[in-house]
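Me: I am new to this structure and would like a close look at a single part of it. Please pick one aromatic contact, describe how its rings are placed, and then work outward to what lies around it.

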Amino acid sequence: MLVGIRAKLLGGFGAVLLLLAAVGGIAWRQTMNSAAAFADLYAGEVTELVELNDVARAVYDVRLGAMASPYISADARQRAATLIVDNQKIALIDANMKRLVDRGPSAEAQQLLRTWNQAYPAFLAARNQVVALSDQGRADESTALRDGQATTALAQVNSVLQDLSASQSDTANTKRTAVAAADDSAAHGILIVSVAALSITIG
């Protein structure tokens, strides 16, 4: 009789240990999965949002550079300095957009990038014409082109950047939701195993 009770106690204790080990395993696995998922989220979507914001700022700076009215009346030294800054901003835009493409964007982002590949070169071409006219002393023509064709092209560029940012935000939200759902599922599993362990202990 005593042996039978002892065997039952040991069996119950062993079962509880196994269930507790299962709880720890589930918690550890989900912690690792969540950490990896959020690291991927930061490295991907969050970084892309920051870079897209930098692109938008750089485009704005280019518009305020050699395209702006002060360039027309600037001397040669001032014009050269303005063009250097413009080229730095353009290089930043190119580098950030290349990184976005290299990461393998979503289907929606790929479609937006095709629009970008049309809108941005059109803006740069208009910008270059504005600068060339200013360099030639044709201020009225430069101003007309800047306020007309160049402004229209700039609006298209800004629209694409806004849509890209919105797309990346949606992708990030989807991933966050998926991670949260996985955490909830793991918590539910831990709760079930814990209740089972408690039932064995009480029983």
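Reply: The protein exposes about 11,900 Å² of surface, and carbon and sulfur atoms supply 63% of that area. This is a predicted model. Some general points come before the close look. The protein has 5 helices and 0 strands, and read along the sequence the pattern is α-α-α-α-α. Of the 203 residues in the protein, 31% are buried. Among contacts between residues at least 6 apart in sequence, 83% join residues at least 24 apart.

Now to the aromatic rings. A pair of aromatic rings is described by the distance of the centres and the angle of the planes. Two rings are counted as a pair if their centres lie within 6.5 Å, and by this rule the count comes to 1 aromatic pair. The partners are W116 and Y120: their ring centres are 4.6 Å apart and their planes are at 10°, so the pair is stacked. The cut-off for a stacked pair is an angle under 30 degrees.

Where do W116 and Y120 lie? Both residues are in helix α4, which covers residues 107-135. They are 4 residues apart, which is about one turn of the helix.

Are W116 and Y120 buried or exposed? A residue is called buried when its relative accessible area is under 20%. W116 has 4% relative accessibility and therefore counts as buried. Y120, at 6%, counts as buried too.

The next step outward is to the residues around W116. Leaving aside its neighbours within four places in sequence, W116 is in contact with V55, I93, M97, P121, V157, V160 and L161. W116 and M97 appear again in the description of the largest nonpolar core, which has 29 residues. The residues with the most contacts inside this core are M97, W116, F123 and L164. Four helices each supply at least two residues of the core: α1 (2-63), α3 (76-102), α4 and α5 (139-202). Helix α4, the one that carries the stacked pair, gives the most to this core, with 11 residues.

Two of the helices that supply the core, α1 and α3, are also joined through charged side chains. By the rule of a side-chain nitrogen of Lys or Arg within 4 Å of a carboxyl oxygen of Asp or Glu, the count comes to 10 salt bridges. One of them is between E48 and R103, at 3.8 Å from N to O. This pair links distant parts of the chain, with E48 in helix α1 and R103 in the loop between α3 and α4, 55 residues apart. E48 counts as buried because its relative accessibility is 6%, while R103 is partly exposed, with a relative accessible area of 31%.

E51 and R99 form another salt bridge, in which the closest N and O atoms are 3.1 Å apart. Here E51 is in helix α1 and R99 in helix α3, with their positions 48 residues apart in the chain. E51 counts as buried at 12% relative accessibility, and R99 is partly exposed at 36%. These two pairs belong together, as E48, E51, R99 and R103 are linked in a network of salt bridges.

K89 and D61 make a further salt bridge, with 3.3 Å between the closest N and O atoms. K89 lies in helix α3 and D61 in helix α1, so this pair ties together parts that are 28 residues apart in sequence. K89, at 26% relative accessibility, counts as partly exposed. D61 has a relative accessible area of 17% and is buried.

A few other details concern α2 and what follows it. R79 lies over the face of Y71, at 4.8 Å from the ring centre. A74 is placed in the loop between α2 (69-73) and α3, and A74 counts as buried at 16% relative accessibility. The C-alpha atoms of A74 and S134 are separated by 10.0 Å, although the two residues are 60 apart along the chain.

To return to the starting point, W116 is stacked with Y120, and W116 is also among the residues with the most contacts inside the largest nonpolar core.

Definitions and conventions:
Residues numbered from 1 in each chain as written. Predicted model: local features only at pLDDT ≥ 70, side-chain atom pairs only at ≥ 80, totals over all residues. Heavy atoms only, no water. Phe/Tyr/Trp six-rings, centres within 6.5 Å; stacked < 30°, edge-to-face > 60°. Buried < 20%, exposed > 50% of the residue type's maximum accessible area, 1.4 Å probe, protein only. Lys NZ or Arg CZ within 6 Å of the ring centre and 35° of its normal. Contact = heavy atoms within 4.5 Å. Areas by Shrake-Rupley, 256 points an atom, 1.4 Å probe, with all protein chains shown as cover. Core = buried A, V, L, I, M, F, W, Y, C linked by side-chain atoms within 4.5 Å.
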